[in-house]
Amino acid sequence: MQGFGSSTVSGLTWGQIPEELIQLLRIDDSPDRDRSFRHGITVLSCRPMNYPPSSFPAALLATAVELAQVHGILQKSATGAVVHCPLMLSPTVISRDIQTQLDALTLPSAALMHGVASDVAFMTEQLQATATVDEYIDLLLELAIAEQQVPSPYRFAVTRSDYFVTPTATGAALRQVEFNTIAASYLGLSQRIVDFHRLWGTKTSQDWALIPNQPVDNVADSFVEVMAAYGEPTAGVLFVVQAGERNIFDQRILEAALLQRGITVTRLDLNAIGSEAKIRDGHLVINGQIMAITYFRAGYRPDDLQSEL
């Protein structure tokens with residue numbers, strides 16, 4: 001997961017897309033391959049591990065839950081209670097080859113999606129048939145076309161690619177499930193789970209080769225860079241959230257990192273934005289403060305949009 005700004009992409013063409021993005025990815029997943037553990041929320045192993053065992057003493061499971069809570073691996077239940085998130089007691093195992101390929105594909109994948117999303121004519125051509133029968137797609141295309149009339153020099157996205165590994169006759173292959181460009185969750189919790197696995201491995205005498213994973217710092221630093229480019233020293237960041245958000249702790253981890261960097265955060269749902277936000281001199285203003293970045297953690301579902309302004 002990473003912060004991605006449009007300044008890194010210019011004139012993307014199909015000829016610049018890496019072959020790995022087009023061809024099916026193959027890996028050597030033989031038993032004697034050097035293996036490592038990839039901590040993320042999007043990669044599933046193609047071979048089960050021998051740990052954890054089929055059963056645990058209840059007291060040990062309770063300890064695992066408490067240690068997860070200590071590490072802030074939390075969410076809210078449907079009733080609003082604070083509970084631990086579902087989690088694995090062991091990291092996912094993949095080959096170093098897949099890890100290397102995933103790392104290499106991160107920026108090109110983001111560049112490709114950014115290029116497509118910035119080409120409104122292309123999107124209109126591809127989606128116009130769907131828009132005639134899907135009111136939501138039609139609305140999104142209208143918004144994209146309207147945005148072209150008031151172009152912004154900056155684009156900033158926090159993206160996440162989801163993959164699974166599928167067995168093949170010759171080994172295994174990567175399959176991409178989706179590419180998240182909005183509400184890319186678990187930015188904070190995917191960092192915390194590494195710390196949990198490190199401690200849990202020590203407690204249960206597991207010798208895991210854990211790879212450091214710190215997306216929060218990388219993304220928070222990207223926010224700082226974009227804020228500086230915006231050029232308004234007192235500006236803040238707007239988190240667009242869902243009312244009754246259950247995944248609030250994951251979001252708060254990023255908010256805390258921004259506060260540590262001197263960036264204030266305002267959290268509002270779309271209804272509140274509709275009543276409280278103003279456009280002044282081309283800036284989005286809420287309660288008298290300019291919002292330099294609008295970070296969408298909601299707005300990707302039709303039921304998020306209750307009315308049209």
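**Exercise 1. The two sides of α3**

Find which exposed residues sit on the face of α3 turned away from its buried side.

*Solution.* Work on the predicted model.
- Step 1: list the buried residues of α3, which are V120, M123 and A131.
- Step 2: place them around the axis. They cover an arc of only 60°, which puts them on the same side of α3.
- Step 3: turn to the opposite face. It carries the exposed residues A121, E125 and A129.
- Step 4: recall the general rule. An α-helix has 3.6 residues a turn, so residues three or four places apart point the same way.
- Step 5: ask what the buried side meets. The buried residues of α3 pack against α2 and α4 (135-149).

**Exercise 2. Two helix spans**

Compare the end-to-end reach of α3 with the value expected for a straight helix. Then do the same for α2.

*Solution.*
- Step 1: take α3, residues 120-131. The helix has twelve residues.
- Step 2: a straight helix of this kind would reach 16 Å at 1.5 Å a residue, but the end C-alpha atoms of α3 are only 14 Å apart. The span falls short.
- Step 3: take α2, residues 96-118, with 23 residues. From first C-alpha to last, α2 reaches 34 Å, close to the 33 Å expected.
- Step 4: check α2 for a bend. A kink of about 35° lies at T106, shortly before the proline P108.

**Exercise 3. L107 in α2**

Decide whether L107 is buried, partly exposed or exposed. Then state how far L107 lies from T159 in sequence and in space.

*Solution.*
- Step 1: locate the residue. L107 lies in helix α2.
- Step 2: apply the cut-offs. Buried means under 20% relative accessible area and exposed means over 50%. L107 has 43% relative accessibility, so L107 counts as partly exposed.
- Step 3: set this beside the buried residues of α2, among them L105, S109 and A110.
- Step 4: read the distance. L107 and T159 are 52 residues apart in sequence, yet 9.9 Å apart from C-alpha to C-alpha.

**Exercise 4. A hairpin**

Describe how β7 and β8 are joined, and name the partner of S161.

*Solution.*
- Step 1: find the strands. β7 covers residues 156-168, and β8 covers residues 171-180.
- Step 2: note the direction and the bridges. The strands run antiparallel, and nine bridges join them.
- Step 3: look at the connection. Two residues stand between the strands, and the pair forms a hairpin.
- Step 4: pick one bridge. S161 is partnered by F179 in β8.

**Exercise 5. The cores**

Find the residues with the most contacts inside the largest nonpolar core.

*Solution.*
- Step 1: size the core. It has 36 residues.
- Step 2: name the residues with the most contacts inside it: F196, F223, V237, F239, L254 and L258.
- Step 3: trace the suppliers. Elements that each give at least two residues include α5 (189-203), α6 (215-230) and β9 (236-240).
- Step 4: note a second, separate core of ten residues, including V240 and L268.
- Step 5: zoom in on F239. Its contacts beyond four places in sequence include L254, L258 and Y295.

**Exercise 6. Positive phi values**

Give the phi of D281 and of N287, and say where each residue is found.

*Solution.*
- Step 1: D281 has phi near 50°, positive though the residue is not glycine. D281 is in the loop between β11 (277-280) and β12 (283-286).
- Step 2: N287 has phi near 55°, again positive in a non-glycine residue. N287 is in the loop between β12 and β13.
- Step 3: check exposure. D281 counts as exposed at 79% relative accessibility, and N287 counts as exposed at 68%.

How values were computed
Residues numbered from 1 in each chain as written. Predicted model: local features only at pLDDT ≥ 70, side-chain atom pairs only at ≥ 80, totals over all residues. Heavy atoms only, no water. Helix = DSSP H or I, 4+ residues; strand = E, 2+ residues; numbered from the N terminus. Expected span 1.5 Å × (residues − 1). Bend = angle between axes of the 7 residues up to and from the residue. Buried < 20%, exposed > 50% of the residue type's maximum accessible area, 1.4 Å probe, protein only. Core = buried A, V, L, I, M, F, W, Y, C linked by side-chain atoms within 4.5 Å. Contact = heavy atoms within 4.5 Å. Arc of directions from axis to C-beta. Pairing = 2+ DSSP bridges.
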